[in-house]
Amino acid sequence: MIIHAVEIGEFDFSEYGIHYHMIYDKERVMHSSAASYEDHMTCLPVLDTPAHLGYTVGQPAPCTVHSMEKHEHTMEAVFCTKDPIVLCVAASRADMPPQAEDVRALILRPGDVAVLKRGIWHDACHGLGRPASYYYLASRGGKPAVWVEVEGEAVVETRARADAYSDIF
C-alpha cells in the first residue's frame, strides 16, 4: 500500500494530537521579539507530565513502515528544527496492532511541532530523501514502549523536495 506524505498544515491532525507552527500560529503561540531575537512559545504546556528530552536521527524516506509504537502513559511532542521530517501516525484500534490502511505520513518543516495524543501509533520520523534529526519530549515511566509490526505493508512515498523549505529561515 503506497502512502503519499502530505504537509502537516494541510492535514486535519486533530484526531492524532495538536499541530503548532511556532512562527505562524497566532492563536496558540505567543510571539515576542527584540533587536537580537524572536521568541515563539506555546500558550499552554506542551505535555501534561514531567518529561525527558530525546534526540533521534531518522533514516530517509521514501521508506517502508514495518513497525510502530504507542504510549498510553504520555503524550509525545516531536519538534522539527533544521531539516524536514516525515512523521508516520496511525489511530489506535483498541488492542489491535497498527493497520497499514490507517497509516498517515505527514511532512513537518522547521518550526512545526506535532504533539501526539496518548495511544497514537507512530514510527521514528524519517528525513526527506536523506537522514534527518529531530527532538522529542515524552515522559518516562509507565510500561516501556513496545514496537509492534504493522499489519499489511505501508510504503511511504514523498514527492516533496528536501530543499523546499518555507521562507521562515
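**Note on the predicted model: strands, a surface patch and some single residues**

1. In strand β5, H40 is the bridge partner of H31. This pair belongs to the antiparallel pairing of strand β4 (residues 29-34) with strand β5 (residues 37-42), which extends over six bridges. The two strands form a hairpin, with two residues joining β4 to β5. Everything here refers to a predicted model, not to an experimental one.

2. Five strands make up an open sheet with antiparallel pairing, in the order β3-β12-β9-β15-β6. At its edges are β3 (17-21) and β6, each of which pairs on one side only. Ignoring direction, neighbouring strands in this sheet are turned against each other by 20 degrees on average. As background, strands of a sheet pair through backbone hydrogen bonds, in either a parallel or an antiparallel manner.

3. Within that order, β9 and β15 are adjacent. Strand β9 (residues 76-79) and strand β15 (residues 132-138) run antiparallel and are joined by four bridges. For anyone checking the register, V78 stands opposite Y136 in β15.

4. L53, Y55, V57 and Y135 make a nonpolar patch on the surface, with an area of about 430 Å². Which strand gives the most to the nonpolar patch? Strand β6 (residues 52-58) does, contributing three residues. Y55 is one of the patch residues and is found in β6. The general rule is that side chains in a regular strand alternate between the two faces of the sheet. Strand β6 is also an edge strand of the five-stranded sheet.

5. A further open sheet has three strands in the order β1-β16-β8, and its pairing is mixed. The edge positions are taken by β1 (2-4) and β8 (63-68); each has a single partner strand, so one side of each lacks a neighbour in the sheet. From one strand to the next, the twist averages 40 degrees.

6. The pairing of β1 with strand β16 (residues 148-157) is parallel and consists of three bridges. One residue pair to look at is H4 with E157, its bridge partner in β16.

7. Is I120 buried or exposed? I120 counts as buried because its relative accessibility is 7%, and the cut-off for buried is under 20%. I120 is found in a loop, between β12 (112-116) and β13 (121-122). Leaving aside residues up to four places away in sequence, I120 touches E15, Y16, E69, K70, V89, A90 and A91. Of these contacts, E15 is 105 residues from I120 in sequence, yet their C-alpha atoms are 9.1 Å apart in space.

8. Two backbone features deserve a look. In general, most peptide bonds are trans, and most residues other than glycine have a negative phi. The peptide bond from A61 to P62 is cis, with omega near 10 degrees. P62 is found in the loop between β7 (60-61) and β8. A94, which is not a glycine, has a positive phi of about 55 degrees.

9. Where does A94 lie? A94 is in the loop between β10 (85-90) and β11 (104-108). With a relative accessible area of 61%, A94 is exposed, since the cut-off for exposed is over 50%.

Methods. Residues numbered from 1 in each chain as written. Predicted model: local features only at pLDDT ≥ 70, side-chain atom pairs only at ≥ 80, totals over all residues. Heavy atoms only, no water. Patch = residues over 30% accessible without salt bridge, like charges linked within 9 Å, V, L, I, M, F, W, Y side chains within 5 Å. Areas by Shrake-Rupley, 256 points an atom, 1.4 Å probe, with all protein chains shown as cover. Salt bridge = Lys/Arg side-chain N within 4 Å of Asp/Glu carboxyl O. Pairing = 2+ DSSP bridges. Axes fitted to C-alpha atoms, helices over the stretch in contact; angles between N-to-C directions. Buried < 20%, exposed > 50% of the residue type's maximum accessible area, 1.4 Å probe, protein only. Contact = heavy atoms within 4.5 Å.
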